[in-house]
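Please look through the sequence and the structure below. The paragraphs that follow go from one residue pair to the chains as wholes.

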Amino acid sequence: MLIAASLAALVLLAVVGVVAGGREITHRLVHAGCAVASIALLIGGLTHLGAGPGGSPAIVLPLGLPWMAAHFRLDNLSALFMVVVDLAAAAASIYGIGYCRHLPQVRRVTPFFPLFLFGMNAVLLADDAFMFLVSWEFMSLASWLMVLSDHKSAENRHAAVIYLVMAAFGTFCLLTSFGLMAGAGGAYTFAAMRQAELAAVPAFLVVLMAVLGAGSKAGLVPLHVWLPLAHPAAPSHVSALMSGVMTKVALYGLIRILFDLHGEVPWEWGAALMVIGGVSAVLGVLYALFQDDLKRLLAYSTVENVGVAVIGLGLGIAFKDAGEPALAALALVGGLYHIVNHSIFKTLLFLAAGAVISATGERRLSGLGGLLNRMPWTGTAALIGAAAISALPPLNGFVSEWLILQALFKGPGLPHWAMKFGVPVVGAMLALAGALAATCFVRAYGIVFLGRPRSLAAAQADLHPTPASMRWTMAVLALLCILLGALPVTVTDALSAVVQPMTGMHFAVSADLGWPWLSPVSSTRGSYSGTMLVMVGTALFAIAVVLAHGLGTRRVRRADAWDCGHREDIPETQYTGQSFSQPLRRVFGGSVFLARETVEMPEPGERSPARLSVRMIDPVWVGLYDPIVRAINFIADRVNRMQFLTVRGYLLMMFSTLVFMLLVVAWRQQP
Amino acid sequence: MGAGQISYDVAHLIGATVLMAGLQLLYQRRLFAVINTFAFQALALAAAAGWQAHVQDAPHLYVTAGIALVFKAMIVPFALHWLIEKLGIHRSVETAMSIGWTMMAGVALVALSILLVLPVTANAAALTRESLALAMSVVLIGLLMMITRRNAVTQVVGFMALENGLILAAVSAKGMPLVVEISVAFSVLVAMTLFGIFFFRIRERFDTLDINDVETYRGDRQ
């Protein structure tokens, strides 16, 4: 009831946004309404999760196709994702009240923002393929319109075109997948699909199409190309939702098909997903490491985190198929935990990036710096977010990656030789990605918030104070990062209940040592307690403070700060984003991105500066998309000639088609 | 009604005559010969319709026979003769494919039609089956003629030969209402008129009726 009312309210808000578009009061009203609706949906999801396992009865509404009503249902899996979606949605809505409300391009977002939220929630609630795909398209198109909100820039238009093509491709794949599961009888409800028995080839195609369709939306390599273009193009609170949440809705689709509707996915697919996830994680973070645009850096980091979560899902499939439901549950809990975490810290980081951009008008790392003193709230919240995404204990990012690694350590116990050798490789990729992610965020945070401002706009950031709605949203999200890391057992218990129907076994990650210890494998092989860590850490910190203040000398000594060897106060002498990542570019850039560095030295006697330029090539574009584009152009050129045929030529084509068809009929008639 | 009965044999003979005329159209090298052959085909068609009217005891088919006789066997050939003389069209047929190959393709199409129609209509009366196979061959050969001849007049004739095939199919199936024949006949007449206007306009502008020459004038081509 609450949920239905909230969804109806979202649609209503969209109408309000369309009718009373341009005014500032509408912008605030719509975002406030969205916040209320999202919080209501959040409460709905949490209540359902709290009520224990089992789904709500299906609700059938006379909507959609005439011979098929619309089915909706809420079970634990959709309730979990509803919590994920609406938590971030509530944060982004409240943030949106204060964000850039004077800018014209943000006004163009007002009508579509509620629709976007509606689409994502409806995807989670849908209980038949038709409603699922319609809601999915709602989500895609609403977000596409918001990507286009600043349509004057050619870069954004380019991003929107690529996004539209990839979204269409993804939906097409999902449509095929559902169509195959529905079979010739056209049983499009999820309940009927669960019952259906699939032959070998359709079963293979169902999984392939689901991975392609949901993977393109989630941003798995090599289908990620649209993501770093489209996510940064939207206003920041929308980017936060697209990156933090829409990718999760895509993963929901993947989980729904692979673990619920299809049910028996062979382990080879688990292996394939793990490889895709590992490659996405490493490539995503490598891309992020070399970005100069703050929002694009965050978008690439989304590719990495989605990869990490997909490793967990793939491992879950492999364990499940090998008859190890407990380990499958562990891997899935890790994957879902990471999904929850990433939705929180990525939303936080995008919102912080939005605050930085609205204060300075600068997105390039090379134009920022020294913002911590000028924007202390944003700086502190972003620090917590960056530490969480770098998987530092005791924050939440650490727990999920640790759980996935624990599951990976059990991988060599799988019966297949390919997995025995492959799982450690994926583990190594995950570890590499984790280390690179930490580097990436040390770089991003250090360049943006520390040091000295690299531009006048950054130096004057304190002239544009961040509105209270934006500050508080970031503070609450940062607090959640700490809480989810400090109380891991509470989260894993909730996730175990979600995972139970997927693996068919209840598995408590904290079984051996009890609260507050996580001991997934056994009490002796590895255990972790965020709660203890926080308590002990706080205690030690307090003792250190007391000791330092109690025992230390009270005398004040004044001296120059160490100037790192730079005698003059010039911001250009600091590390830049490019120079910070240069060692890693030397290591990975040459092989992965075919990076070439060229140095132009001035002639002796000339007074111009030397220039260092770097050229990097995206291997996915060059290797996959350029050939496709060339092939399409080639075919289009050939087909184009058919416009200029003679009358006889057209007749000949019709005639030969007719004769061919007749031949087919004649051939089929032969006894 | 089956083989050996006079009604069947005559219907078969006439239908085969229509088809033979169709094949004959393929190897004519002079425009007047093409038109004469077409007139002969239309005459055979009229005979077929008349015979079916007699056999099926369906008086409306006499109307069809009359239409075929008057329009196709007389008016249209005379009109085309008149057009060719008035316009001073070059009177040889230019082929896009050699006569021998065209004939072979025509024979192959007849074989295809028989292969196709006979199994499909296994339950129908023998006459219907044979006639449908013949009619379909005529249709396909009409199409073939439109493709393999460059001259606009021969294309018009090919088109009308195709219509003849349709009417042959219509008359040999029992119970086809007259509306169909009349509409088909009218469409032929309309097509005739349209093509007539077309000839005049082509001649005014380009001084030729060879389609290949027309194409070079369309702005799209160099």
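Is A:Asp75 buried or exposed? The model is a predicted one, and in it A:Asp75 has a relative accessibility of 12%. Buried means under 20% relative accessible area, so A:Asp75 counts as buried. The partner of A:Asp75 in a salt bridge is A:Arg73, with 3.7 Å between the closest N and O atoms. A:Arg73 has a relative accessibility of 23% and therefore counts as partly exposed. The pair does not stand alone: A:Arg73 and A:Asp75 belong to a network of salt bridges that also links A:Arg194, A:Arg256 and A:Asp260. Over all chains, the structure holds nine salt bridges.

Another of these pairs is made by A:Asp293 and A:Arg363, whose side chains meet at 2.9 Å, N to O. A:Asp293 sits in the loop between helix H12 (267-289) and helix H13 (294-321) of chain A, and A:Arg363 sits in the loop between helix H14 (325-360) and helix H15 (371-374), so the salt bridge ties together parts that are 70 residues apart in sequence. A:Asp293 counts as buried because its relative accessibility is 15%. A:Arg363, at a relative accessible area of 27%, is partly exposed.

A further salt bridge joins A:Glu597 and A:Arg585, and here the closest N and O atoms are 3.2 Å apart. A:Glu597 belongs to strand E3 (residues 596-600) of chain A and A:Arg585 to helix H23 (residues 577-592), so this pair ties together parts that are 12 residues apart in sequence. The acid, A:Glu597, is partly exposed, with a relative accessible area of 27%. A:Arg585 has a relative accessibility of 4% and counts as buried.

Next comes the backbone. Most residues other than glycine have a negative phi, and most peptide bonds are trans. A few places in chain A can be read against that background. The peptide bond that joins A:Val221 and A:Pro222 is cis, with omega at about 5°. A:Pro222 is found in the loop between helix H9 (200-218) and helix H10 (227-233) of chain A. A cis peptide bond also leads from A:Pro393 to A:Pro394, where omega is near 5°. This second proline, A:Pro394, lies in the loop between helix H16 (376-389) and helix H17 (396-409) of chain A.

The loop between H16 and H17 of chain A also holds A:Ala391. A:Ala391 is not a glycine, yet its phi is positive, about 60°. With a relative accessible area of 15%, A:Ala391 is buried. Elsewhere in chain A, A:Gly183 takes a positive phi of about 75° just after H7(A).

How far apart are the end C-alpha atoms of helix H7 (residues 154-182) of chain A? They are 42 Å apart. At 1.5 Å a residue, the 29 residues of this helix should span 42 Å, so the model agrees with the expected span.

Now to chain A as a whole. Its secondary structure comprises 25 helices and four strands. The radius of gyration of chain A is 27 Å, close to the 26 Å that the globule rule gives for 671 residues, so chain A is as compact as a globular protein of that length. Along the principal axes, the C-alpha trace of chain A spans about 105 × 70 × 60 Å. The domain assignment divides out domain 1 (1-193), domain 2 (266-546) and domain 3 (619-669) in chain A. The centres of domain 2 and domain 3 of chain A, taken over C-alpha atoms, are 49 Å apart.

Of the 671 residues in chain A, 52% are buried. Among contacts in chain A with a separation of 6 or more, 77% come from residues 24 or more positions apart. The area that chain A exposes is about 29100 Å², with 69% of it supplied by carbon and sulfur atoms.

Chain B has eight helices and zero strands. Read from the N terminus on, the elements of chain B run α-α-α-α-α-α-α-α. Buried residues account for 50% of the 222 residues in chain B. Residues 24 or more positions apart make 75% of the contacts in chain B with a separation of 6 or more. Chain B exposes about 10200 Å², and carbon and sulfur atoms supply 66% of that area.

Note on methods: Residues numbered from 1 in each chain as written. Chains lettered and ligands numbered in written order. Predicted model: local features only at pLDDT ≥ 70, side-chain atom pairs only at ≥ 80, totals over all residues. Heavy atoms only, no water. Domains from an automatic or database assignment. Helix = DSSP H or I, 4+ residues; strand = E, 2+ residues; numbered from the N terminus. Expected span 1.5 Å × (residues − 1). Salt bridge = Lys/Arg side-chain N within 4 Å of Asp/Glu carboxyl O. Buried < 20%, exposed > 50% of the residue type's maximum accessible area, 1.4 Å probe, protein only. Rg over C-alpha atoms; globule rule 2.2 N^0.38 Å. Contact = heavy atoms within 4.5 Å. Areas by Shrake-Rupley, 256 points an atom, 1.4 Å probe, with all protein chains shown as cover.
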